[in-house]
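User: I'm new to this structure and would love a close look at one part of it. Could you walk me through a cavity inside, and then point out a few spots elsewhere that deserve a glance?

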Amino acid sequence: MIKNYIKTAFRSLQKNKGFTTINVLGLALGLATCLLIVFYVVDELSYDKYNVNASRIYRVNEDLKLGDNKVQYAVCMAPLAQTLKNDFPDVENAVRLKKIGDMHVTKGTESILEDNALFADPSVFDVFTLPAIYGDEKTALTEPNTVVITEEMAKKYFGKLNVVGENLIIDGNLQKPIKVTAVIKNIPEQSHFHVDFLVSMASNPEGHSTEWLRSDYNTYVLMRKGADYKRLEAQFPQFLRKYSGGQMQQELNMSYDTFEKNGSYFRLNMMPLTDIHLHSNLTGELGTNGNVEYVYIFSAIAIFILLIACVNFMNLSTARSANRAREVGVRKVLGSARKHLMFQFLAESTMVTFIAVIIALVTAMLALPAFNHFAGKNIIVNSHTLTWLAPSALIAILLIGFLAGLYPAFFLSAFNPMQVLKGKISAGFKGGALRSFLVVLQFSISIFLIIGTLVIYNQLHYIQNRDLGYNRNQVLIIQHAFELGDHAKTFKQEIKQLPGVTNATLSGYLPVKSTRGTGIFYKEAVADPKKSLFPQIWSVDEDYISTLAMKIKAGRDFSAQMPSDSNAIVINETAAKFLGFTDPVNKVVYRSSGGPNPTYKPYTIIGMVKDFNFSSLRDNISPVVMQLNTDNSSLSIKVNTANIPALLSQIENRWKDFTPAHFQYSFMDQDFDAMYRSEQRIGTIFIAFTTLAIVIACLGLFGLAAYAAEQRTKEIGIRKVLGASIATIAGMLSLDFIKLVCISILIASPIAWYLMQKWLQDFAYRIGIAWWVFAIAGVAALFIAFITISFQSIKAAIANPVNSLRSE
């Protein structure tokens, strides 16, 4: 019996090759797109789950409010980890990680810059799953001047894996040779931090600090099995009061109670390890994290596209019922039971789904490299992937085949054989309302995606073209200018003399870089949180503001001719607002030296610059204080020449005159674009998926238009005989579908407006959704639908009426 079902289903599908092809292609395209999105979502949700104890690991975060200043940190104070382990039985272990920054590793005669290194406590191997290939994990980081490296670094510097006992010559922030004590496997891609060098915390001069008011360490705790981290969190206020209260009295000259009564707070909270990648964007993150919003958005798109593909399948199956009505009538007269007919139609839908799933799997695998490129991912299909992919494909075949074929099976098998065999097909054909509803659903989704794509594109365009408060164009950044040592300023002056160079500045504190420093300023020479400013503090030189074309709103710029500027600062407008100054020029603010008897150094505000964006446009501009100080992290050069390669060559030659270090550069506008690369990738993927959704919807509409024309063949013939023009007939056939698209526009527009407004709320600086966005989406949908339908309508209109009426 099953063999007969399959054979009959195959013959039926083969008989209608054109629409079988549309069904298979539409479903396969939808499934392939859905599968790519599933790969993306699974990858995003799998971060940090490679750790055996992932469910018991938490990062301790810090929230600080000082007066009106609020900051959230992913880092905590140095003594916290060990103190938590000592004081709370629920804490099985704890570990600190601290960024080292740039360091140079010697390979032969070459000095290679590495920036992926962390100081780590020995307990890092007890908390995280970092399997050692060579060496003893338990003792690897117990001694000073020891390092654990990944297998990639072992091959890079030694050409082999077993390098335990070898020395690495490191300068930069460490400035000493260190011994390799273990080689570990490369950190998985799905980790919220990536590291090539784990240097023992004993090598860190500040590793034994007892300061409770300074935060520099990413701190993780491993809870005991069955322990509730919320119970531990609830004890943090009293814990902080106990350990930081005394230092707060010394540093701020006030008790912990007074600090809180003034409206300030100092809090700790715990975040599950597996939540960090998608739910954390704090100051002091170890890497760039993702955004759970995009997981939700792409999941919704996957469901939408799969829904459109299944709706196509159902629509075309029910539309074909008119052609198969006589077949059903004959089968019933010959004794076929309704359940056998239902099984027959379900077999057909399952067969189509099976073919579509196979094509979808092959298409998704072929498209995966391109998808990785656009999404910035490195998703690979391995044995682990197949463990869930194979059963999922089987479930998809059975579930989609059953659901997509369920309505046609019930609908077709219910035909009245007497009515059908008498030629009264309409009496048994009652699926028009459902098909209309499904077409509206398809195009509502497509129009929603078109509007979403336009809004995302416009927001990204706004970000890239907004006046940021500085000029990022034609600014060349020479990285790692500290390689020049004491010659940095001389190099800068020589570069300024080159033709095509208008100005240059030495500073690593750039609007497109993550280098940030913070501090506290007070309006009076007393530590009063209510009269405080907690800004970012940027070390700049006298050419910084002019090189980046920042706008002086009040006062003046720094001057090398004025020695008193060493005790002067320039602030942004936001800092002035926080301080309550309408005219901040010549006002004096103070900075505490700290300690039991702090002194307060005065700084005179000599200027105020217009607010400028230096972080994501998702965030409001925060206070910034600029002061004259030496920072040779990078040299920014304002250029004015059409021949950039020639200028770069001259600069590189001058560089080589001063240092053998590698010459590395970037352009500020490119670095700015990199800050929004994730949004740009999302926009590109969104456009691609929207296009696919529209194509799938149009495939279904094309098939429906063909069947609509086929069902009205005799009507069209009669109308032509009576004198109807081709345009009249084509318009008649198109009008019903155009009405459905218009209804879709009315349904999709308010929903899209509401949801895209919610998405835009995440940006502090955003566009408004203009009326023309909905107009363009509506016109585009109507145009696409009309073109799709017109082909079949015109084809039916120009057919010879003799062919359709000869049997009458």
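**A close look**

Analyst: At 35% relative accessibility, Ala 549 counts as partly exposed, and that makes a handy starting point in this predicted model. Ala 549 sits in the loop between α18 (544-547) and β20 (552-555), and its phi is near 55°, a positive value in a residue other than glycine. Most residues other than glycine have a negative phi. Asn 586 also has a positive phi, about 75°, although it is not a glycine. You will find Asn 586 in the loop between α19 (573-579) and β22 (588-592), where it is exposed, with a relative accessible area of 60%.

Now for the cavity you asked about. A search of the whole structure finds 2 cavities of 30 Å³ or more, and the second largest has a volume of about 30 Å³. Its lining is formed by Phe 443, Ser 446, Ile 450, Ile 694, Ala 697, Ala 781 and Ile 784. The elements that give two or more residues to this lining are α16 (432-465), α22 (677-711) and α25 (771-797). The largest share, 3 residues, comes from α16. By type, the lining divides into 6 nonpolar residues, 1 polar and no charged.

Finally, let's turn to the surface. Phe 354, Ile 355, Ile 358, Ile 359, Val 362 and Leu 366 make a nonpolar surface patch of about 540 Å². One of them, Ile 358, belongs to helix α12 (residues 338-375) and is partly exposed, with a relative accessible area of 39%.

Conventions:
Residues numbered from 1 in each chain as written. Predicted model: local features only at pLDDT ≥ 70, side-chain atom pairs only at ≥ 80, totals over all residues. Heavy atoms only, no water. 1 Å grid on protein atoms, 1.4 Å probe; cavity = no way out; pocket = protein on both sides within 12 Å on 5 of 7 lines; lining within 4 Å. Points joined across faces, edges and corners; volume = space filled by probe spheres on them. Helix = DSSP H or I, 4+ residues; strand = E, 2+ residues; numbered from the N terminus. Nonpolar A, V, L, I, M, F, W, Y, C, P; charged D, E, K, R; others polar. Patch = residues over 30% accessible without salt bridge, like charges linked within 9 Å, V, L, I, M, F, W, Y side chains within 5 Å. Areas by Shrake-Rupley, 256 points an atom, 1.4 Å probe, with all protein chains shown as cover. Salt bridge = Lys/Arg side-chain N within 4 Å of Asp/Glu carboxyl O. Buried < 20%, exposed > 50% of the residue type's maximum accessible area, 1.4 Å probe, protein only.
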